[in-house]
Amino acid sequence: MSSKLTFMSWNCRGIMSSVPYLVECLKNHDVDICALQEHWLRRHCVNVLESIDSTYSSVNPKCVDDGYPEAFKIRMEGGVTFIVKSSIVKYVESIDIEDTRITGIEIHTIHSENIYCFCVYLPASSKPFEHFRIYVERLYDIYMIYSQLGTVIILGDINAKVNGPRSFNSVKDKRSVTFARFLDELRLVSLHLQSFGEGNTFTFQSYESGPSTAIDHILISKDNISLIDSARVLDDHSFNVSDHHPIIAKLILDNTVIADTETIIKQSKVSWNKAREKNNLEDFSFATSQHLWGVEIPSLGCSNRDIECYYSNIVDAIQQAETETLPHKTFVKYLKPYWTHHVNALHENMASKRQQWISCNRPRGEHVIFQEYKSAKRNFRRELRNAYQKHMQETYDSLEKDFDIDQKRLWSFLNKNKKSKSCLSRLIVNGRQCSTQDDILDGWAEHFESIFKQNTESEPVSDKERAITKTVELLTKISEEHFITILS
């Protein structure tokens, strides 16, 4: 028996403005593993990845501030993660790589080799070439280690031009030559540039009408090329506010994941608050007992199959009663709290410009229609990002103002944001840098002592204290005049 795994790689250029298109791609192409680059999220906002779609989960995310968590302001670029279908996430394990530009997962299989996937975002052309070369060497070392254990797939924004049967690049810059040598030594190929690839060969189209290039790739060994069912670059879409196009690839493997994963359906969550308000719990209990009435208990000496069947019948009865009697939470994929009327207007304008561009046979370059469409997309994306930042700031201000009033809301928000832990490697206290564990503990102690230390100068002086002070001053003066020593 064989099954398919659908992989997707996309540089989303900011996840907050890219959620609608990402959700549509995941659904329309039935994506199992999605490698995202440049999500631009800080560690305290990484829970956003869990709310993209109820049927997907984020695995092993790397955030823009992981390298320096103590920094308050940093340039918001970078961040890589995997978005994995919930039905197979239990067969996926994170690979620990100490790098903010590379993250990895291991997919456990039954009869085939395990699959090792690495989502990468290599330094852009604006970075020094030496920086790019170091990351290529790091990627080389990673591949050499894990290729001995199973099938390795590299997905991401390589930021280097790659040649293939469908595309030949005559420009020989340092980056392209270096990465071409890397591909040749490891016998790797870019899937969408092979003869079976579909769609465009380029994956990046600059907003400023620059050249179209293929810098995003899904790489696999030539020895495993027979496993590929198809590969394609998706066409431009009105929801795609990134200047990169997603790549979709399907792999055919023998029993890639346990067969029952295809039948696992992510059920919508029960709204227990509504169930209590509407007194649905008694109905649920009665319906469960009715469905369980006809379930026969296995006899002594029964087989494992009989036990599994009995267990399955119990679960089905409970789920059926839940569906019939309990209210469920609804998931609206495009309805976000920061989606304002202005954002909606800009989105409609962008969609309108896109339709005009398509009706004119999709011109590019300096064509007026193309420039208007790109301008409308930039405006929509900028406003959507600003609306999200404003919403988050209002949320923080509201929590700070009402934390003594609405404790339930406060802890609900904090618990959602503490899922992923970050390690503090350095701490700066009063201009002094603390790096060791003892220094950091002493720094925190000094910080809290300065907060809770009583300031006696600001405290009101009582009449009794004032009288005692006046008496002490008088006795001190008398002692000085008569050489009397006062013992204190």
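In this predicted model, C360 is partly exposed, with a relative accessible area of 38%. C34, by contrast, is buried, its relative accessible area being 0%. A disulfide is a covalent bond between the sulfur atoms of two cysteines. A search of the whole structure for such bonds finds 0 disulfides. In the case of C34, the closest cysteine sulfur belongs to C25 and lies 8.2 Å away, which is too far for a bond, since a disulfide requires the two sulfur atoms to be within 2.5 Å.

C25 itself belongs to helix α1, where it is buried together with V19, P20, Y21, L22, V23, E24 and L26. Because 8 of the 10 residues of this helix, which spans residues 19–28, are buried, α1 is largely enclosed by the rest of the structure. Just after α1, the backbone at D30 adopts a positive phi of about 50 degrees.

Helix α1 also takes part in the aromatic pairing of the model, for which the count comes to 7 pairs. The rings of W10 and Y21 have centres 5.2 Å apart and planes at 80 degrees, so this pair is classed as edge-to-face. It links distant parts of the chain, with W10 in strand β1 (residues 2–11) and Y21 in helix α1, 11 residues apart, and both W10 and Y21 are buried. A stacked arrangement is found for W357 and Y373, with 5.1 Å from centre to centre and 20 degrees between the planes. Because W357 lies in helix α7 (residues 341–359) and Y373 in helix α8 (residues 368–402), this second pair ties together parts that are 16 residues apart in sequence. Both W357 and Y373 are buried. In addition, Y116, F118 and Y146 form one aromatic cluster.

Contacts between separate parts of the sequence are further illustrated by I102, a residue of strand β6 (residues 102–107), which is buried with a relative accessible area of 0%. When its neighbours within four places in sequence are left aside, I102 is in contact with K62, V80, I97, C119, V120, Y135, R138, L139 and I142. Of these contacts, Y135 is 33 residues from I102 along the chain, and the C-alpha atoms of the two residues are separated by 9.3 Å.

At the surface, W444, F448 and I451 form a nonpolar patch that together has about 300 Å² of accessible area. F448 is placed in helix α10 (residues 437–452), and its relative accessibility of 41% means that F448 counts as partly exposed. An α-helix has 3.6 residues a turn, so residues three or four places apart point the same way.

Note on methods:
Residues numbered from 1 in each chain as written. Predicted model: local features only at pLDDT ≥ 70, side-chain atom pairs only at ≥ 80, totals over all residues. Heavy atoms only, no water. Buried < 20%, exposed > 50% of the residue type's maximum accessible area, 1.4 Å probe, protein only. Helix = DSSP H or I, 4+ residues; strand = E, 2+ residues; numbered from the N terminus. Patch = residues over 30% accessible without salt bridge, like charges linked within 9 Å, V, L, I, M, F, W, Y side chains within 5 Å. Areas by Shrake-Rupley, 256 points an atom, 1.4 Å probe, with all protein chains shown as cover. Salt bridge = Lys/Arg side-chain N within 4 Å of Asp/Glu carboxyl O. Contact = heavy atoms within 4.5 Å. Phe/Tyr/Trp six-rings, centres within 6.5 Å; stacked < 30°, edge-to-face > 60°.
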